[in-house]
Amino acid sequence: MPVKSNPIPWTRRSFLSAAAASAGATGLPTAAHAAAAPFQPNWDSLVDGYRTPEWFRDAKFGIWAHWSAQCVPEMGDWYARHMYIQGNWQYEHHLKTYGHPADVGFMEMNNRWKAENWDPEALLDLYAKAGAKYFVALANHHDNFDNYDSKYHAWNSVRVGPKRDLIGIWAKAARARGLRFGVSNHSAHAWHWFQTAYGYDAEGPRAGQRYDAFRLTKADGKGKWWEGLDPQDLYTGRNIVMPEGFRTARAANAWHDENTRYWDEKPPLQNPAFTRQWFLRCRDLIDSYRPDLVYFDNSGLPLGQAGLDITAHYYNASMAWHGGRLEAVVNAKQLPAERRPGIVEDVERGFREGIEPLPWQTDTCLGDWHYNRGIFNNHGYKPASTVIHRLCDIVSKNGNLLLSVPVRGDGSIDADERKIVEDIGAWMARNGEAIHGTRPWRVYGEGPTRVAGGMFSEGNSQPLTAEDIRFTRKGGALYAIAMGWPKDGLLRIQTLAEDSNVAPGSIDRVEAVGSSDALPFKRTRRGLEVKLPEGLAGAPAVTVKISGAGVA
């Protein structure tokens with residue numbers, strides 16, 4: 001346990017005890033100041049005025065480039081935090097590969113990030129061909145680095161690392177292909193998440209020596225690649241500094257778990273400049289690039305009143321850009337039911353158990369969010385069939401799927417990822433009619449497999465099988481998607497039995513999506529039985545289009 005006092009005596013408990021004082025006290029320029037428009041920066045205004053735009057409801061499938069300097073080591077997620085935690089495997093990798101974090105901190109990874117093999121045009125061609133209708137690029141992460149030409153933050157991709165406006169280039173390439181463009185903003189957590197950079201080794205030959213963030217100042221950059229930059233602007237300052245006196249890595253890490261790893265959305269009361277800077281940076285991102293979607297990696301909106309201010313500003317700005325029509329989507333997570341109408345809720349790596357009354361989104365990844373070489377070496381990505389099955393399940397329940405395809409530090413994707421995206425594209429080329437522009441039917445589907453609902457529930461859900469069927473509807477037609485090739489080539493749909501209360505209308509015609517030829521079918525009290533064409537055998541999912549009076 002520590003034997004000396006904390007240099008900055010703020011802990012999680014002291015933040016929480018003072019939290020009530022933060023409400024409405026950000027001192028930020030509010031949306032009302034930015035534009036005279038209908039949305040005010042409060043939940044009542046957002047809930048009463050917001051409607052999810054049709055483009056999002058029609059799109060159903062998006063692809064995400066979750067790309068930052070944390071991809072340079074190719075060691076997976078949260079590298080910028082974990083490289084400062086003694087005993088963590090990413091700390092050990094950093095020590096062996098780059099040097100001790102007192103000497104070589106994470107800011108050096110930003111300098112090593114060159115994006116030398118980045119070809120956004122080719123990547124967006126691939127993603128559009130895969131059936132994505134929107135593309136999202138990471139604008140900043142918890143490592144507090146802006147991937148755009150930031151007016152309010154000098155640690156950005158134009159000045160450091162790639163030396164390019166990544167968001168601007170991504171936006172141009174996406175829109176040239178008819179894709180809606182979104183940005184993800186994760187930086188609201190940087191003020192506590194990145195505090196490990198102010199710590200030290202609790203044991204070993206350099207025990208007690210503080211890491212780079214604790215000692216570096218702007219003056220130390222003279223004659224170096226970062227001359228003119230202040231490391232404290234990147235690392236966010238001494239907000240929750242690890243006390244002196246720890247003698248074991250285990251005890252030090254337990255302190256960080258308690259005091260810097262928590263996940264709430266309150267602003268740092270002792271550092272109001274961080275909140276103001278976050279608002280200005282986010283407003284600059286919105287105003288400069290006019291995204292169609294802004295994803296916040298937050299439970300609810302970030303940083304108290306600042307999150308409400310920026311959301312109202314974004315909605316008002318969207319209406320100004322589009323002649324009074326609201327085209328904006330804001331994603332955030334774990335919303336209480338009464339707030340869900342005000343934005344589009346995101347369910348990270350999870351599902352819903354049934355049809356949701358409001359549009360929603362799942363975000364998931366082929367592997368880790370930040371590129372992990374080990375997953376590629378072990379061929380451990382989600383296969384295309386899994387992605388397709390999850391897409392069908394999500395769409396049948398009024399949701400969208402946002403799929404992250406991990407990007408290497410050099411800007412490329414690997415051979416396994418490319419093959420998976422191409423396989424998704426091959427399926428979507430034939431079956432996309434049953435996905436894009438559809439709406440939920442009367443029930444989402446049928447089948448024996450349990451799908452667990454909620455955040456991070458994908459690991460608790462069983463793989464879908466050919467007996468699991470999902471329904472969508474569009475243009476007077478009903479689509480039934482079987483999650484595989486049924487045995488003996490006969491698709492059996494119990495929900496569509498001739499006496500079904502769910503589908504009392506007639507069934508006049510059944511055809512395989514992608515073909516205009518009618519398929520033989522039989523409707524009995526046990527269900528609808530359709531003979532599928534042999535040419536679809538082996539497909540990860542098989543779709544039929546059903547027409548008839550009152551069916552859809």
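This is a chat about a few helices in a predicted model.

Colleague: Hi! Can we start with α14 and α15? How do their axes cross?

Modeller: Sure. Helix α14 covers residues 272-289 and helix α15 covers residues 305-321. Their axes come within 10 Å and cross at roughly 15°.

Colleague: So are they roughly parallel or roughly antiparallel?

Modeller: Angles under 35 degrees count as roughly parallel, and α14 and α15 are therefore roughly parallel to each other.

Colleague: And is that crossing left-handed or right-handed?

Modeller: The α14 and α15 crossing is right-handed.

Colleague: Which residues meet there?

Modeller: From α14 you have T275, W278, F279, C282, R283, I286 and D287. On the α15 side they meet A306, G307, D309, I310, H313, Y314 and W321. By class, this contact has eight nonpolar, three polar and three charged residues.

Colleague: Nice. New topic: which residues of α6 are buried?

Modeller: Helix α6 runs over residues 89-97, and its buried residues are Q90, Y91, H93 and H94. They cover an arc of only 160° around the axis, which puts them on the same side of α6.

Colleague: What covers them?

Modeller: The cover includes α5 (79-82) and α7 (107-112).

Colleague: Last one, α9. Which of its residues are buried, and what do they pack against?

Modeller: In α9 (residues 166-176), the buried ones are L166, I167, W170, A171, A173 and A174. They pack against the strands β1 (61-65), β2 (134-140) and β3 (180-185), and also against α8 (120-129) and α14.

Colleague: What happens just after α9?

Modeller: There you'll find G178, which takes a positive phi of about 80°.

Definitions and conventions: Residues are numbered from 1 along each chain as its sequence is written. This is a predicted model: local features need pLDDT of at least 70, side-chain atom pairs count only at pLDDT 80 or more; totals for chains, interfaces and linings use all residues. Side-chain values use heavy atoms; hydrogens and water are left out. Axes are lines fitted to C-alpha atoms, for helices over the stretch in contact, and angles run from 0 to 180 degrees between N-to-C directions. Helices (H or I, at least four residues) and strands (E, at least two) are DSSP runs, numbered from the N terminus. Angles under 35 degrees count as roughly parallel, over 145 as roughly antiparallel, 65 to 115 as roughly perpendicular and the rest as oblique. A crossing is left-handed if the near helix is turned anticlockwise from the far one by less than a right angle, and right-handed if clockwise. Contact means heavy atoms within 4.5 Å. Ala, Val, Leu, Ile, Met, Phe, Trp, Tyr, Cys and Pro count as nonpolar, Asp, Glu, Lys and Arg as charged, and the others, Gly among them, as polar. Buried means under 20% relative accessible area, exposed over 50%, partly exposed in between (1.4 Å probe, protein chains only). The arc is that of the directions from the helix axis to the C-beta atoms.
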